[in-house]
Amino acid sequence: MFSASLIWYALIVVAVFSFLHGLTKKKKKLPPGPRGVPILGHLHMLGKNPHQDLHRIAQKHGPIMYMQFGFVPNIIVSSPQAAEHFLKTYDLVFAGRPPHQAAKYLSWDQRNLSFGTYGTYWRNMRKLCTLELLSSLKIGSFQPMRREELGLLVEWLKHAALEHVSVDLSAKVSSLTVEMSCRMVFGKKYEDKDIDERGFKVVIQEGMKLVAIPNLGDYFPFLGVLDLQGLTRKMNALSKVFDQFFEKVIDDHVRAGDQGPTKDIVDIMMSIMQSGGTDFQFDRRHVKAIMLDMLAASMDTAASSVEWILSELLKNPRVMKKVQKELVEVVGLDRMVEESDLESLEYLDMVVKETFRLHPVAPLLIPHYSLEDCTVDGYQIPKDARIIINTFAIGRDPNAWTDHEKFNPERFVGSSIDLRGQHFQLLPFGSGRRGCPGMQLGLIMVRLIVAQLVHCFDWKLPNNMLPSELDMTEEFGLVVSRAEHLMAEQKYGHIPDPIESFNLVYKKNDKHKSWIDDASEQMGINEFNLVDLDTGDDGDNVDGNENLGDASNVNFDFSMTETPSFVQCEGVGEFMTETPAWIRSNPC
Ligand code: HEM
């Protein structure tokens, strides 16, 4: 009897324990995810554009999803609410960066910020970069240089406009951001051959590619030493190229000594190094790691952002005209855009946000890493998992955005949604501890370049390509750019408003025909029929002001390809000593 009750008692304890254990186990379940295959896990499910693949898979499995790439656990985050859990509520737990081969070879053993492991060194370095290199004051001190570089591009484009050839906008904008970044970091432009026979841009871009290519050694650590893809060999070679070049840059700075009040980023880091004023070790390796960080982080991100914004403007001529109209109202037509104008360009700001929503240039941010076990939204997130925040998916979340596939900047009218990391439906710069420290500089570069290019020029797609025909295929990397370069034709000067009817002021002399031809060309009117130029008196909409001195009012009909319209022309001699403002509108 005694032993029977003991057995019953033991059974009940075991049952309760199992029940409780079951409960805790249930509470600690991993997030859902697709079924994987042995060894590879889910690696085979990723194609050329992993951000798009992960978006598609998450639509089936939910906004917090588990996937195994080789031996590495990954958590894929695809909604604003889920992103808020990872980047705000549990920001500290997920502030790590995963160890990976590229970080080892291309960041002087993770001495940079982007790939630095979370800890005292990273915190100190981040503080140093934010306060000393990327503060508003410092960014402001580089303003004349940005202006000068942009001015050079505008001059080049003005000449190209005369030759009526298509411009490779992707290449031009990319060169511009390289020049701007070099002058900001090194204080001067180095020649391509100074780094390597391949040239500056190519070498940096190769680095970015090597960082982004899935490396088998990261997912199957025991394969790392075999270097089956040859990536380690390439990274080793590239790190030597960077190292030699950056040593030369540092030597140049040491030789040049103090060069006056405007200090470039290397100057500042050198003086910190020489003062020995940091609580942590700071030597040439750190200077080189941060140099590469600043260059790589600013060049491609800004160039791709501008590329996508211009692509959307060319795809949406209505929006382009509206941006130009705002520029005419805020800046006018007789000067270049200044950085101080940017805050007043509200519509441009909406266009930038809408482009980042659809084309976040770093769609998977930089992978985060869980520093300890954590429970998020009822799911167990294991320590040492990669956390991938898919901002490409978040920008298309139908619960966060209506008509999410449509490019519609007006969706931000009266909306408080901003892109600086406080609103989790729009995270082009990430958020929280690991959010982009160069956001302010990046936004200035992007908005200034776009504003200046559409202020000075009217752009259209080449070879009569229709906006709907523009290929928007993406090429994945740490930064996603256009697969095809963006080509466009430009016309110097632009018409502020969409023209349907207008008053044309002209002098009645031999030149009038060419004035009108010029005007019609500038407005994109394909067919222009002059009627009754001489009398100005054919009865249609004549306001009766004919024969003022040597001037006349004339009527003529014109037809635009899409909007047939009637134009009333009035001519007053003295007005025509000058070109009318809308023809003269060449602010650059
Ligand atoms: C339009 C331009 C830019 C965009 C879209 C952009 C975007 C981003 C994104 C998405 C991240 C990752 C955030 C995360 O993992 O949570 C990041 C990190 C970073 N960005 Fe930017 N960025 C831009 C410009 C810049 C510039 C101009 C600099 C500096 C010169 C810069 C420096 C950095 C650094 C150092 C990090 C790593 C931060 C860390 O891990 O602590 N970025 N950026």
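A residue counts as exposed if 12 or fewer other C-beta atoms lie within 10 Å of its own, and as buried if 20 or more do. The legends below apply this to a predicted model.

**Figure 1. Aspartate 109 in the loop between helices H4 and H5.** Aspartate 109 sits in the loop that links helix H4 (101-106) to helix H5 (120-133). Because 12 C-beta neighbours fall inside 10 Å, aspartate 109 counts as exposed. Its phi is near 60 degrees, a positive value in a residue other than glycine. Most residues other than glycine have a negative phi.

**Figure 2. Asparagine 464 in the loop between strands S8 and S9.** The loop shown runs between strand S8 (457-460) and S9, and asparagine 464 is placed in it. Phi of asparagine 464 is near 55 degrees, again a positive value in a residue other than glycine. Asparagine 464 has 8 C-beta neighbours inside 10 Å and therefore counts as exposed.

**Figure 3. Glutamate 474 in strand S9.** Strand S9 (residues 474-475) contains glutamate 474. With 19 C-beta neighbours inside 10 Å, glutamate 474 counts as partly exposed. Apart from residues up to four places away in sequence, glutamate 474 touches Asn49, Val480 and Ala483. Glutamate 484 is ten residues from glutamate 474 in sequence, and their C-alpha atoms are 8.2 Å apart.

**Figure 4. Alanine 95 in the loop between helices H3 and H4.** Alanine 95 belongs to the loop between H3 and H4. This loop residue counts as buried because it has 21 C-beta neighbours inside 10 Å. Tyr118, His368, Arg433 and Arg434 are touched by alanine 95, when residues up to four places away in sequence are not counted. Isoleucine 387 is 292 residues from alanine 95 in sequence, with 9.6 Å between the two C-alpha atoms.

**Figure 5. Helix H3 and the elements it packs against.** Helix H3 spans residues 80-89, and its buried residues are Pro80, Ala82, Ala83, His85, Phe86 and Leu87. These buried residues pack against four strands and one helix: strand S1 (64-69), strand S2 (72-77), strand S5 (374-376), strand S7 (386-389) and helix H17 (391-394). Phe86 is also among the residues with the most contacts inside the largest nonpolar core.

**Figure 6. The largest nonpolar core.** This core has 130 residues, and those with the most contacts inside it are Val77, Phe86, Ile449, Val450 and Val454. Helix H14 (residues 284-315) supplies the largest share of the core, 18 residues. Valine 454 touches Leu313, Met320, Val323, Gln324, Leu327 and Trp459, leaving out residues up to four places away in sequence.

**Figure 7. Surroundings of the ligand.** The ligand is surrounded by 26 residues, of which the closest are Ala297, Gly430, Cys436, Gly438 and Gly442. H14 and helix H18 (439-456) are the elements that give two or more residues to this shell. The most comes from H14, with seven residues. By residue type, the shell around the ligand divides into 15 nonpolar, eight polar and three charged.

**Figure 8. The crossing of helices H10 and H14.** The axes of helix H10 (residues 200-212) and H14 come within 11 Å and cross at roughly 95 degrees. The crossing angle therefore makes H10 roughly perpendicular to H14. On the H10 side the contact involves Ile204, Gly207 and Met208, which meet Leu295, Ala296, Met299 and Asp300 in H14. The residues of this contact divide into five nonpolar, one polar and one charged.

**Figure 9. Arginine 357 in helix H16.** Arginine 357 is located in helix H16 (residues 346-358). It counts as buried because 27 C-beta neighbours lie inside 10 Å. Leaving aside neighbours within four places in sequence, arginine 357 is in contact with Gly395 and Leu426. Arginine 357 and glycine 395 are 38 residues apart along the chain, and their C-alpha atoms are separated by 4.8 Å.

**Figure 10. The protein chain as the setting for the close-ups.** The secondary structure of the protein chain comes to 20 helices and 14 strands. Of its 588 residues, 39% count as buried. Among contacts between residues at least 6 apart in sequence, 72% join residues at least 24 apart.

Conventions. Residues numbered from 1 in each chain as written. Predicted model: local features only at pLDDT ≥ 70, side-chain atom pairs only at ≥ 80, totals over all residues. Contact = placed C-beta atoms within 7 Å. Core = buried A, V, L, I, M, F, W, Y, C linked by C-beta atoms within 7 Å. Near = placed C-beta within 6 Å. Nonpolar A, V, L, I, M, F, W, Y, C, P; charged D, E, K, R; others polar. Axes fitted to C-alpha atoms, helices over the stretch in contact; angles between N-to-C directions. Parallel < 35°, antiparallel > 145°, perpendicular 65-115°, else oblique.
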